[in-house]
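Student: I've got a protein model open and I'd like to learn how to read its helix packing. Can you walk me through it?

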Amino acid sequence: MRSSSVPELVPVLSPGKHRNPRKGACFMEFASYLAGERWSDQPACTHPLLAGLARLVNDNVSDVTRRSMVELVPRVVGLNSPDPRIHAAICIRAATIALPLSPRAHQRALAVGLLAVERYLEDYETSLPEEFEPLIGDAFAQAPAAEQWARGFRRGLTTHPKHFARRAAPRIVLNSVDGVVRSVCTDSDTVLHQMLADAIDDCELLISAGTSREVSPAPAS
């Protein structure tokens, strides 16, 4: 069951892990609290990659922005599914926001990651809703040198879908947040807050709207 509101008495959002609510809470610890789960920053109620993004954003924004994020917490309670497209959706959302803003080294890593996402979807012989179609192309149009470098780097490389979900996807999310934080020409708090909100929207599209589905595993390479 999805929670839809924040109770009046809540732990104060702050960075890092906390032993109990009296010490404060990070975004995902608060989610575990609302879900009635054991106190944890990795509750079962939320997709692990979305939870990872939430923890990173929580730890990389100011106290003022973090307090404004509290209204997002109930939306991640119950937002989980085995649908492998969710990994792709979160990675695309985070990386396409971060790519145009990030330093060059991060741009290259993010461009490589986006190409890996495309291959991941091809391996599963699936696709995302049409809302996602322009995102990668638009991001590459703003960083053509990074795209060119990444296509040369990725030529001939393969990543098994299970490895993508366990290793590559969390790295893409980490590079996305770090790239925004290291940008010198943007309000990183605003961008990160929007990145998390958009990723939640995307997961709701795939899960709450009834479009989430089991996808046959990709064949072993």
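Student: Which residues in H2 meet which residues in H10?

Tutor: Before we start, keep in mind that this is a predicted model. On the H2 side you'll find Leu50, Leu53, Ala54 and Val57. They meet Leu192, His193, Met195, Leu196, Ala199, Ile200 and Cys203 in H10. Sorted by class, the residues of this contact give 10 nonpolar, 1 polar and no charged.

Student: How do I describe the way two helices pack?

Tutor: The general idea is that two packed helices are described by the angle between their axes and the distance between the axes. Try it here: H2 covers residues 48–59 and H10 covers residues 188–206, and their axes come within 10 Å and cross at roughly 165 degrees. That makes H2 roughly antiparallel to H10, because an angle over 145 degrees counts that way. As for handedness, H2 passes H10 in a left-handed crossing.

Student: At what angle do H6 and H9 pack?

Tutor: Helix H6 (residues 104–123) and helix H9 (residues 161–182) pack at about 150 degrees, and their axes are 10 Å apart. So H6 and H9 are roughly antiparallel to each other. Their crossing is left-handed.

Student: What is the mix of nonpolar, polar and charged residues in the contact of H6 with H9?

Tutor: Look at who takes part. H6 brings residues including His106, Ala109, Gly113 and Asp123, while the H9 residues they face include Phe164, Asn175, Asp178 and Arg182. The whole contact divides into 8 nonpolar, 5 polar and 3 charged residues.

Student: And H5 with H7: roughly parallel or roughly antiparallel?

Tutor: Start with the numbers again. The axes of H5 (residues 85–98) and H7 come within 9 Å and cross at roughly 25 degrees. H5 and H7 are therefore roughly parallel to each other, as the angle is under 35 degrees. The crossing of H5 and H7 is left-handed. In this contact, Ile92, Arg93 and Thr96 in H5 meet Leu135, Ile136 and Ala139 in H7. By class, that's 4 nonpolar, 1 polar and 1 charged.

Student: Now for pockets. Which residues line the second largest pocket?

Tutor: With a pocket, ask about its volume and its lining. The second largest pocket has a volume of about 180 Å³. Its lining consists of Ile92, Glu118, Leu121, Thr126, Ser127, Leu128, Pro129, Phe132, Glu133 and Ile136. H6 and H7 (133–142) each supply at least two of the lining residues. The lining divides into 6 nonpolar, 2 polar and 2 charged residues.

Note on methods. Residues numbered from 1 in each chain as written. Predicted model: local features only at pLDDT ≥ 70, side-chain atom pairs only at ≥ 80, totals over all residues. Heavy atoms only, no water. Axes fitted to C-alpha atoms, helices over the stretch in contact; angles between N-to-C directions. Helix = DSSP H or I, 4+ residues; strand = E, 2+ residues; numbered from the N terminus. Parallel < 35°, antiparallel > 145°, perpendicular 65-115°, else oblique. Left-handed = near helix turned anticlockwise from the far one by under 90°. Contact = heavy atoms within 4.5 Å. Nonpolar A, V, L, I, M, F, W, Y, C, P; charged D, E, K, R; others polar. 1 Å grid on protein atoms, 1.4 Å probe; cavity = no way out; pocket = protein on both sides within 12 Å on 5 of 7 lines; lining within 4 Å. Points joined across faces, edges and corners; volume = space filled by probe spheres on them.
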